[in-house]
Each structure stands twice: as C-alpha cells, then as structure tokens.
Amino acid sequence: MLGDRSAADSAAHARPRWSVLILAFGTFAIGTCEFVLAGLLPQLSASLDVTVPTAGQVVTVFALTCAVLAPVLATATAGLPRRRVLLAAAAVYLAGNVGTALAPDFTVLLLAQMVAAAGAGLFIPTASVTASALVAPEWRGRAIALVTTGLTAATALGAPIGTVLGGMLGWRSAVLFVAALALLAMAGLAVLVPKNVNAPAPETLRARLTPLADRRVVMILVTTLLAFTAVYIPYTYISAVFAPATGGDSVRLAVLMSLVGIVGTLANYAAGSLADRVGSRRVVAGALVWLAATLLLIPLATTLYPAAVLMVVLYGFAAFAITAPQQHRLITLKPESASVLISLNAAILYLGITMSGVLGGAGIVLVGAGKLTLIAAGIALAALLMSELAHAVSRRGPARAGDEGGGEALEQPEAPAPGPRPV
C-alpha cells in the first residue's frame, strides 16, 4: 500500500502539468457557486419568498465570509500537507452546497452558503500556492495564471450557466450541479496532486499578518482591492448596465456574460505568461489603463447590442488580465511568504467583490445604471496610481530593516533555470 502511494506521488511529481490543470479545474468548481447564485436571484426570490435585493445578499455573505475566514483557516491548516488541505476545503465546500440545495428557507440558505464560502476561502489561495510550488521558478507566473484562470471562468461563466440551468431545472438543480463539479475535482486532486508539496507556511495568525508591516505589501494589496472593486461593479450589475441593449432578454444577457468568460479566461493566462517575460507590474499597469478606458466608453455603447458585445469583449480582456500578475507580484516580492501573501490577496479580492456590490448599488441610485461604469473607471485609475506608488516604494528597497526582496523584485521576471517542462 505504501509502495503504491509512493509510486503515485512520484508520478504526480513527474507530471506537474496535470497537477496544475486539476488545481485549475478545482478552482473553477470551487469558485462557481457564488456566481451561479448571482444568476439565479429571481428564482431564489420567488422560491424562498424574499425580495430580489434581499436574495442578492447571498453574494455579499459569501464574499465577506471568504474575506474574513481565508487567512484564519489558512493559519489553522498551515502545518498540514497541501493535498489534505485542498481535499478538506473541497469537502467543506461540497457540504455547503448540498445544504444550500436542500435549504427550506432563506436563513438556512445563508448559513449553508457561509459553510461553502469557508471551503472556497481556504481552497483558492492554497491551490495557487501549491501550483507555484510544483513548477520551476521561471514557470510560476504561468502556473498561477492557469489556476486563477479557473476562478476567472467561474466568475464570468458561472452566472450564464446558472441562468440556463435555473431556467430549465430550477435553482436547486443548478446548485447540485456545482456540488457534482466539486466531487469531480476532489477525485482529480486525490490522484494528480502529490501527497507532499514543499509549500511551507507560518503556523500562527500573527505570523500571517506580519507581511502587513511591509508597506510594499500593503500597497500591492490596496491595488488589488481597488482594481477588483472596479472590475466587479459592472459585472455585478451587468444586467442593469446593458438593459437597453439586451431589452431584458436573458439569452442576450447570457451571451454577454459568456463572452466576458471566454475573453477573460484567455486574457488571464496570457497575462501570466507575459508577466514571466516583462514583469508583473507592467502587465498590471497596462491592464488598468485598458480597463479604465473601456469603462469610460461603455456608457456610449449601452443602447445597441453589437456595441455592447464589443465593449464586453474589451472589458473582459482588461478586467481579468490583472489576477495572475498581482499574485505573481506578491510571490516575487517575498517568495518565502508566498502562501501568506496569496491568502491575504484572496481575502482582499473577495472584499473587493463585496465593495463592488455596495458601491455599485449606491452608484445606480446616484447616477443611474447607464453611467455606473464611470464610477468604476475612477476607481480603476486610483488602482493604477496605487500600483505605480508601490513600484516607486519598491525601487527604494525594503520598507524596514530585515525585509527581504525589494529593488526591482516586483518588476523583473526571474531568470530562466533548468526545471520541469512548462505547464
């Protein structure tokens, strides 16, 4: 039995590509739940006898739970093998989704979603760190990009999938479908991810929060917060922003969302590869400029469907070209704290999703859905400013005595070195 396990581990180590691919699929499965429910708010409202705005709090609760619990759970599991943590996180997520599908009322549904979110908050940063540890240094950007591509696809394709399944079979069937994806991911993780992965992590919450004493880290995390608040404002309210172009047609809306998913998935992986060559900071800056420009133009393209399609493609490419380079940026800054930084970044990303719902809702009241993306554009420009300030601080060296890394660490790709085949 032990010999069989060792042979399986050796095979998994020899196939880092397959290990990273299953981590990407797991991220897709784990990340899909929140956005499937976002596409099912009318069905949730009717089924559980709550208003649509109340039903929308499912997304807020899920995102907040992830943001709060991601670093706490990562600390609690720091001493465990990464594969065991991934399987446990997926199991918790699975249990939460089964509970969601069986929920008799809205209160139970929210509690079940908090359970699912706990699993997601632990799984996603752990998957990124594990992927980074499985490949040679010069391929880390691409490995992270491939894993986060799964989250991008979940974010952008989850709502259209939920719209279709919810319309055909009901929202409970759609949630059970998400649970089935989690089961498939667990099976793949057990077979393809090595039992022991060298991705050490500090074992106390204080140690996990220590990187926040470095202003370079804080500034990059603030960049993540601002960038993804800007990204998710138009996505969360895409049905309202493009209502004149879609005419309320759910099929047309699903097409727009699917285009965001396809383009965003390609952009995320391309951005990770580009980060390996030119540096993550340059990729992030270019994506933020592109994003702000697109958000400024969207109000001119909300009445004609072909124009809406073009704007959605441009928006999707810019929006999801930020994820992998930001994670790569943090890992390159402090490789010895990779797991800590990725879990913090994931928490901040979910906080950005939460803020997008609040600010987007307020923006619709203040300026209307047609001009909502102008607010997002301003936030994207603020993210660009913060990103460049972080670069300037980094060039001056470590923020305090004892900090490692610095100089051009954030911007320069790592030198190629012999290692496993690219992912």
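**A helical chain and its buried parts**

Helix α18 (residues 338-367) is the main contributor to the nonpolar patch, supplying three residues. The patch itself covers about 280 Å² of the surface in this predicted model, and its members are L64, L351, M355 and L359. L64 sits in helix α5 (residues 57-76). With a relative accessibility of 37%, L64 falls in the partly exposed class, because that class runs from 20% to 50%.

Stepping back to the whole chain, the secondary structure is easy to sum up: 19 helices and zero strands. Of the 423 residues, 57% are buried. The accessible surface adds up to about 16,000 Å², and carbon and sulfur atoms account for 70% of that. As for how the chain folds back on itself, take the contacts between residues at least 6 apart in sequence: 86% of them join residues at least 24 apart.

Now for the inside. The largest nonpolar core counts 107 residues, and L23, F123, V231, L291, Y315 and Y350 are the ones with the most contacts within it. Helix α7 (residues 106-134) puts in more than any other element, giving twelve residues to this core. F123 makes a good example of the packing here. Setting aside residues up to four places away in sequence, F123 touches L23, G26, T27, I30, L86, A89, A90 and L189. There is also a second core, separate from that one, with eleven residues, among them I220, L330, L333 and A390.

Three of the residues touched by F123, namely L86, A89 and A90, turn up again among the buried residues of helix α6. This helix spans residues 82-102, 21 residues in total. From its first C-alpha to its last, α6 reaches 31 Å, close to the 30 Å expected at 1.5 Å a residue. The full set of buried positions in α6 is R82, R83, V85, L86, A89, A90, Y93, L94, G96, N97, T100 and A101. Some of that spacing fits a general point: an α-helix has 3.6 residues a turn, so residues three or four places apart point the same way.

T100, found in α6, deserves a closer look. At 0% relative accessibility, T100 counts as buried. Apart from neighbours within four places in sequence, T100 is in contact with L37, L109, A112, Q113, W171, R172 and V175. The C-alpha atoms of T100 and M114 lie 9.7 Å apart, with the two positions 14 residues apart along the chain.

M114 shows up once more, this time among the contacts of a second threonine, T65. T65 lies in helix α5, the helix that also holds L64. While L64 is partly exposed, T65 has a relative accessible area of 8% and is therefore buried. Beyond residues up to four places away in sequence, T65 touches A70, M114, A117 and A118.

Helix α17 (residues 323-333) goes further still into the interior: eleven of its eleven residues are buried, so α17 is largely enclosed by the rest of the structure. The list runs T323, A324, P325, Q326, Q327, H328, R329, L330, I331, T332 and L333. Two of these, L330 and L333, are also included in the second core.

On the charged side, the count comes to two salt bridges. In general terms, side chains of opposite charge can pair when their charged atoms come close. One bridge joins the side chains of R216 and D214, at 2.6 Å from N to O, and both R216 and D214 are buried. The other is formed by R281 and E388, whose closest N and O atoms are 2.6 Å apart. This pair links distant parts of the chain, with R281 in helix α15 (residues 280-297) and E388 in helix α19 (residues 372-395), 107 residues apart. R281 is buried, having a relative accessible area of 17%, whereas E388 is partly exposed, at 25%.

Finally, a word on the backbone. Most residues other than glycine have a negative phi, and most peptide bonds are trans. D49 departs from the usual sign, as its phi is near 60°, a positive value in a residue other than glycine. D49 is placed in the loop between α3 (41-48) and α4 (52-55), and with a relative accessible area of 71% D49 is exposed.

Definitions and conventions:
Residues numbered from 1 in each chain as written. Predicted model: local features only at pLDDT ≥ 70, side-chain atom pairs only at ≥ 80, totals over all residues. Heavy atoms only, no water. Core = buried A, V, L, I, M, F, W, Y, C linked by side-chain atoms within 4.5 Å. Buried < 20%, exposed > 50% of the residue type's maximum accessible area, 1.4 Å probe, protein only. Helix = DSSP H or I, 4+ residues; strand = E, 2+ residues; numbered from the N terminus. Contact = heavy atoms within 4.5 Å. Expected span 1.5 Å × (residues − 1). Patch = residues over 30% accessible without salt bridge, like charges linked within 9 Å, V, L, I, M, F, W, Y side chains within 5 Å. Areas by Shrake-Rupley, 256 points an atom, 1.4 Å probe, with all protein chains shown as cover. Salt bridge = Lys/Arg side-chain N within 4 Å of Asp/Glu carboxyl O.
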